[in-house]
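Me: Let's work through this model with short questions. Answer each one step by step, and finish on the value or name I ask for.

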Amino acid sequence: MNNCNIIGTLTRLKINDIEVKGKSYRQAIFDVAVKRKGKSKTTDFLPCVAYGVVVDIIEKNAYIGGKIGLGCIAITKTINVGKESAKTAVFQVETIDFLTPKDGSENPASALIEDINEDDIPFGK
């Protein structure tokens, strides 16, 4: 199964219209900065692409520097440059979660957690 989950910081975003076989589509191309595990201070910049309704969601809610969580599939391509060829990957976004709100307000999920009363929990204390 080809399934990738990515959490990182949005570093580049470009939204444009493309035409395929006479039909117009919206496309979002962006990079997500992801820190590697361990002691290394290396950051990878992962290229991502989104289509359709996901583009509308990104356009309304995403901003450079915001934390996002992505559900993706990895697509590999071979690129020929002169006599050389190299494999590269791009991540096609299927789902997106915004981990920091665009308007700078408090994350609504954390507000809900703070408002829970112990008496409202249906299972034992």
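Me: Is Gln27 buried or exposed?
Reply: Buried means under 20% relative accessible area, exposed over 50%, and partly exposed in between (1.4 Å probe, protein chains only). Gln27 has 11% relative accessibility, so the residue counts as buried.

Me: What kind of model is this?
Reply: Residues are numbered from 1 along each chain as its sequence is written, and side-chain values use heavy atoms, with hydrogens and water left out. Local features need pLDDT (the predictor's confidence in each residue, from 0 to 100) of at least 70, side-chain atom pairs count only at pLDDT 80 or more, totals for chains, interfaces and linings use all residues, and the model itself is predicted.

Me: Which side chain makes a polar contact with the side chain of Gln27?
Reply: Gln27 sits in strand β2. A polar contact is a pair of N or O atoms within 3.5 Å; within protein, one must be able to donate a hydrogen and the other to accept it, and residues adjacent in sequence count only if both atoms are side-chain atoms. At 3.4 Å, the partner of Gln27 is Tyr51.

Me: In what order do the elements run from the N terminus?
Reply: Helices (H or I, at least four residues) and strands (E, at least two) are DSSP runs, numbered from the N terminus. The protein chain has 2 helices and 5 strands. Their order is β-β-β-α-β-β-α.

Me: Which strand gives the most residues to the largest nonpolar core?
Reply: A nonpolar core is a set of buried Ala, Val, Leu, Ile, Met, Phe, Trp, Tyr and Cys residues joined through side-chain atoms within 4.5 Å. The largest one has 19 residues; Phe30, Val32, Ala50, Ile58, Leu70 and Val93 touch the most other members. At least two residues each come from β1 (4–20), β2 (23–35), β3 (43–51), α1 (53–61), β4 (67–81) and β5 (84–98). With 4 residues, the top supplier is β2.

Me: What share of the residues counts as buried?
Reply: In soluble globular proteins, nonpolar side chains tend to be buried together. Here the protein chain has 125 residues, and the buried share is 23%.

Me: Which residue in strand β1 does Val32 touch, including one that is buried at 18%?
Reply: Contact means heavy atoms within 4.5 Å. Leaving out residues up to four places away in sequence, the partners of Val32 include Phe45, Leu46, Leu70 and Thr9. A relative accessible area of 18% makes this residue buried, and in strand β1 is found Thr9.

Me: How many cavities of 30 Å³ or more are there?
Reply: On a 1 Å grid over the protein atoms alone, a cavity is a set of points where a 1.4 Å probe fits but cannot get out. Points are joined across faces, edges and corners, and a volume is the space filled by probe spheres set on the points. The largest cavity holds about 30 Å³. The count is 1.

Me: How far apart are the C-alpha atoms of Tyr63 and Leu10?
Reply: Tyr63 lies in the loop between α1 and β4, and its relative accessible area of 28% makes it partly exposed. Both Tyr63 and Leu10 line the largest cavity (lining residues have an atom within 4 Å of a point). They are 53 residues apart along the chain, yet the C-alpha separation is 7.0 Å.

Me: How far apart in space are Leu99 and Ile7, C-alpha to C-alpha?
Reply: Leu99 belongs to the loop between β5 and α2. Its relative accessible area is 36%, so Leu99 is partly exposed. In sequence, Leu99 and Ile7 are 92 residues apart; in space, the distance is 8.9 Å.

Me: Which element has the lowest mean pLDDT?
Reply: Across the protein chain the mean pLDDT is 82, and 82% of residues reach 70 or more. Over residues 108–116 the pLDDT is below 50, and this stretch has 3 contacts beyond near neighbours in sequence. The highest mean, 93, belongs to β3, while the lowest, 44, belongs to helix α2.

Notes:
On a 1 Å grid over the protein atoms alone, a cavity is a set of points where a 1.4 Å probe fits but cannot get out, and a pocket is an open set with protein on both sides within 12 Å along at least five of seven lines; lining residues have an atom within 4 Å of a point.
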